[in-house]
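Here is a short set of exercises to work through with the structure open in your viewer. Try each task before you read its solution.

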Amino acid sequence: MFDENNLKEPEVMLSDCPVCGAKKTLEVKNITENIPYFGDILETSVYCTNCGYQESDNISLEQNDPSRYTLTISSDKLSTRVAKSQTATITIPELGIKVEPGPKSQGYVSNVEGILSRFEEAVIRAIKLEGDNIDVDVQENALNIIELITNIKMGDLETVMILEDPFGNSVIDDEDATREILTPEEASLLKTGFTTIDQEDN
């Protein structure tokens, strides 16, 4: 149980910098906060006073029932609130989009329109990275995804968004969203973005 009186000031530790190698110049700060939708979150940030290296991460300290939210999205659902934890997977089957958590995955609170915009920006970045060497089929598929996203925003298309979280810390906050509890087998197939250790009773 966390004592809220001790959560106002971050705990600061000094360590050696893994980038420049300087001794005791890496400030490591940890603080626990209670965030709406996510519950207790451990925020960790590191900063080297010698070379300027910095990085941050947020880790959920709670675990709920593994869950799947499904919502039919269209222009009238663009403002629907979506809380995605760092362990969640978002899928839009009709668009052929599936975003799974990786080692640098972070949680965020957005809405349906914001998530669609993230997808759109990711596709555009992918096209730019390929440059002139992009395969014609890949380019056509990418442009098709952008067109479908535009159609959703304009109200010309309805499609399904699926949000799955093996730790149950994500939610689509809409009365029309359906929530299912995942079976252990279904939850085990989802990526988490980090290593988990299952402990069995001997």
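**Exercise 1. Decide how far strand β5 is covered, and find its partner strands.**

Step 1. Start with burial: of the seven residues in β5 (67-73), six are buried, so the strand is mostly covered. Keep in mind that this is a predicted model.

Step 2. Now look for neighbours. Strand β10 (residues 159-165) runs antiparallel to β5 and is joined to it by seven bridges. To check the register, locate T70, which stands opposite I162 in β10.

Step 3. Strand β12 (residues 178-181) also pairs with β5, in the antiparallel sense and over four bridges. Here S67 stands opposite I181.

**Exercise 2. Work out the strand order of the open three-stranded sheet that contains β6, and say what packs on the sheet.**

Step 1. Trace the pairings. β6 (residues 81-84) and β11 pair in the antiparallel sense over three bridges, and one of the residue pairs to look for is A83 with its bridge partner V171 in β11.

Step 2. Write down the order: β9-β6-β11, with antiparallel pairing. Since β9 (108-111) and β11 (171-173) are at the edges with a single partner strand each, one side of each has no neighbour in the sheet. From one strand to the next, the twist averages 20 degrees.

Step 3. Add the helix. α1 (residues 112-130) packs on this sheet and touches β6 and β9. The direction of α1 makes about 100 degrees with that of β9.

**Exercise 3. Determine how many disulfides the structure has, and account for C20 and C48.**

Step 1. Recall what is being sought: a disulfide is a covalent bond between the sulfur atoms of two cysteines.

Step 2. Search the whole structure: the count is zero.

Step 3. Test C20. Its closest cysteine sulfur belongs to C17 and lies 3.7 Å away, which is too far for a bond, because the cut-off is 2.5 Å.

Step 4. Test C48. The nearest cysteine sulfur is again that of C17, at 3.7 Å, and C48 is in no disulfide.

Step 5. Compare the surroundings. C20 has a relative accessible area of 34% and is therefore partly exposed, whereas C48, at 0%, counts as buried.

**Exercise 4. Classify E120 and D40 as buried or exposed, and place each in its element.**

Step 1. E120 is found in helix α1. Its relative accessible area is 18%, so E120 is buried, as the limit for that class is under 20%.

Step 2. Look for the contacts of E120, leaving aside neighbours within four places in sequence: they are I146, I149, T150 and K153.

Step 3. D40 is found in strand β3 (residues 39-48). With a relative accessibility of 17%, D40 counts as buried.

Step 4. Finish with a distance: D40 and I59 are 19 residues apart along the chain, and their C-alpha atoms are separated by 8.8 Å.

**Exercise 5. Find which element gives the most to the lining of the largest pocket.**

Step 1. Locate the pocket, which has a volume of about 300 Å³. Of its 19 lining residues, V99, Y108, R118, F119 and A122 are the closest to the centre.

Step 2. Assign the lining to elements. β8 (97-99) and α1 each supply at least two residues.

Step 3. Read off the result: α1 gives the most, with seven residues.

Definitions and conventions. Residues are numbered from 1 along each chain as its sequence is written. This is a predicted model: local features need pLDDT of at least 70, side-chain atom pairs count only at pLDDT 80 or more; totals for chains, interfaces and linings use all residues. Side-chain values use heavy atoms; hydrogens and water are left out. Two strands pair if DSSP finds at least two bridges between them. Axes are lines fitted to C-alpha atoms, for helices over the stretch in contact, and angles run from 0 to 180 degrees between N-to-C directions. Contact means heavy atoms within 4.5 Å. Buried means under 20% relative accessible area, exposed over 50%, partly exposed in between (1.4 Å probe, protein chains only). On a 1 Å grid over the protein atoms alone, a cavity is a set of points where a 1.4 Å probe fits but cannot get out, and a pocket is an open set with protein on both sides within 12 Å along at least five of seven lines; lining residues have an atom within 4 Å of a point. Grid points are joined across faces, edges and corners, and a volume is the space filled by probe spheres set on the points.
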